Amino acid sequence: MKIEKKDVLKALETISVPGEGQNMVESGAIKNVLVFGDEVVVDVTINNHSLQAKKKTEVSILQAIHKEVYEKAQIKVNLKVEAPETTDKKPEIKGKAIPGIDNIIAVASGKGGVGKSTVTANLAVTLAKMGFKVGLLDADIYGPSATIMFDIVHEKPLSVTVDGKSKMKPVESYGVKILSIGFFTQPDQAVVWRGPMAAKALNQMIFDAAWGDLDFLVVDLPPGTGDIHLSIMQSLPLTGSVVVSTPQTVALADARKGVAMFQQESINVPVLGIVENMAYFTPPDMPENKYHIFGKDGARNLAEDLKIPFLGELPLIQSIREAGDVGRPAAMQEGTDIENAFIEITKKVVSETVRRNDALPPTKAIEITTMAGCSATNK
């Protein structure tokens with residue numbers, strides 16, 4: 001069978017460049033295609049140095065040509081990996097808004113163990129219950145938990161074709177579209193990646209995903225103020241951020257740093273407010289009693305001090321932990337004080353988002369061009 005070059009190029013348009021979202025032809029990754037009867041030679045260049053990306057690229061080319069052109073074609077792929085060329089040596093920044101997503105809310109904490117992922121999951125579920133179209137990106141690469149909290153540990157994202165491009169279809173649970181690195185690792189497998197590899201994985205989950213139309217994309221950031229946070233804020237123009245803390249002094253010290261990160265001049269992401277988790281404990285047999293185990297009103301006072309909204313407090317209740325462990329977020333418990341608490345917090349998040357959108361222009365993705373963008377801040 002005689003193979004036409006135009007048919008090969010058309011087949012290659014169905015393949016996305018790893019971590020970018022563009023197809024291989026329009027991105028310029030395909031440098032040359034030669035056809036000799038039923039033999040095809042494809043020269044391709046990518047920017048991703050990982051072995052996984054190289055193997056995926058080669059296999060995708062073989063599959064596309066065999067499926068779309070000729071199943072018995074003899075194909076040779078000459079793959080080259082090179083760093084992107086920039087005239088001013090600045091780092092390559094995407095910063096693209098994702099079509100169809102109206103608001104991107106990052107949920108952060110300066111410290112681990114304060115219930116950030118629990119708040120994120122319940123915020124997403126409550127938004128969905130209110131009628132919003134919601135997605136959740138689990139950006140905690142080293143400690144993903146969304147798959148457990150939504151009871152989708154054994155699920156896998158499907159591959160779908162959107163506008164001729166291959167995309168990941170998020171897994172949907174309780175009305176929330178979810179993507180997490182947890183889908184691609186075993187439960188007992190540690191993710192031992194350096195920053196660039198983690199950033200590449202995040203870019204794929206962001207730009208190679210078929211999110212569809214969303215009112216809110218909620219991003220569960222890892223604890224701290226490090227490389228993953230910068231990667232997210234370089235990749236996406238965030239609408240705003242929510243900071244989670246317990247009332248404990250040690251946690252508040254790190255929450256203050258989390259707020260300062262978003263308020264740093266080179267980042268400038270509006271802080272929608274702070275949530276106080278584990279605010280108090282009430283014994284089931286003594287519903288009138290409140291024990292402030294980790295301190296009282298710490299996050300409320302911090303919000304007042306920093307002049308940011310206080311979004312509400314959540315009690316230390318066993319059923320919230322149990323609900324997360326069994327994969328059914330506590331906000332699903334209708335008619336309970338827990339549901340009401342999450343509803344009030346979510347209403348304030350929506351209200352602050354609307355107020356922010358009315359008062360401020362869209363956030364720009366950050367462009368860090370010097371080490372000053374990574375310095376300590378005393379905001």
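Author: Buried means under 20% relative accessible area and exposed means over 50%, with partly exposed in between (1.4 Å probe, protein chains only). You're looking at a predicted model, where local features need pLDDT of at least 70, side-chain atom pairs count only at pLDDT 80 or more, and totals for chains, interfaces and linings use all residues. Residues are numbered from 1 along each chain as its sequence is written, and side-chain values use heavy atoms, leaving out hydrogens and water.

Reader: OK, so is Glu-26 buried, exposed or partly exposed?

Author: Its relative accessibility comes out at 46%. Buried needs under 20% and exposed needs over 50%, so Glu-26 is partly exposed.

Reader: Which side chain does Glu-26 meet in a salt bridge?

Author: A salt bridge here is a side-chain nitrogen of Lys or Arg within 4 Å of a carboxyl oxygen of Asp or Glu. For Glu-26, the N to O distance is 3.2 Å. The partner counts as buried at 18% relative accessibility. It's Lys-165.

Reader: How many residues apart in sequence are the parts that Lys-165 and Glu-26 tie together?

Author: Helices (H or I, at least four residues) and strands (E, at least two) are DSSP runs, numbered from the N terminus. Lys-165 lies in strand S7 (residues 165–169), while Glu-26 is in the loop between helix H1 (5–12) and strand S1 (30–36). The pair therefore links parts whose separation in sequence is 139 residues.

Reader: Which helix holds both Lys-257 and Asp-254?

Author: These two side chains also form a salt bridge, at 3.7 Å from N to O. Lys-257 is exposed at 52%, but Asp-254 is buried at 18%. Because they are 3 residues apart, about one helical turn separates them in helix H7.

Reader: And what is the N to O distance for Asp-325 and Arg-321?

Author: This pair sits in helix H9 (residues 318–326), 4 residues and about one helical turn apart. Asp-325 is partly exposed at 48%, and Arg-321 is partly exposed at 47%. Their salt bridge spans 3.0 Å.

Reader: How many salt bridges does the structure hold?

Author: The pairs above are among them: Lys-165 with Glu-26, Lys-257 with Asp-254, and Asp-325 with Arg-321. The total is 11.

Reader: On to the sheet: which strands are at its edges?

Author: The sheet is open, with 8 strands and mixed pairing, in the order S8-S9-S5-S10-S4-S11-S12-S13. Two strands pair if DSSP finds at least two bridges between them. The edge strands each pair on one side only, and they are S8 (171–173) and S13 (310–313).

Reader: What is the bridge partner of Leu-137 in S10?

Author: Strand S5 (residues 134–138) and strand S10 (residues 214–220) run parallel, joined by 5 bridges. In S10, Leu-137 is bridged to Val-219.

Reader: Which helix lies across S4, S11 and strand S12?

Author: Lying across means contact, with heavy atoms within 4.5 Å. Helix H3 (residues 116–129) lies across S4 (101–108), S5, S9 (176–180), S10 and S11 (240–245). The helix across S4, S11 and S12 (271–276) covers residues 249–263 and runs at about 170 degrees to S11: H7.

Reader: How far apart are the axes of H7 and helix H8?

Author: Axes are lines fitted to C-alpha atoms, for helices over the stretch in contact, and angles run from 0 to 180 degrees between N-to-C directions. H7 packs against H8 (residues 298–306) at about 35 degrees. Leu-252 and Val-259 are among the H7 residues in this contact, with Leu-302 and Leu-306 among those from H8. The axes lie apart by 11 Å.
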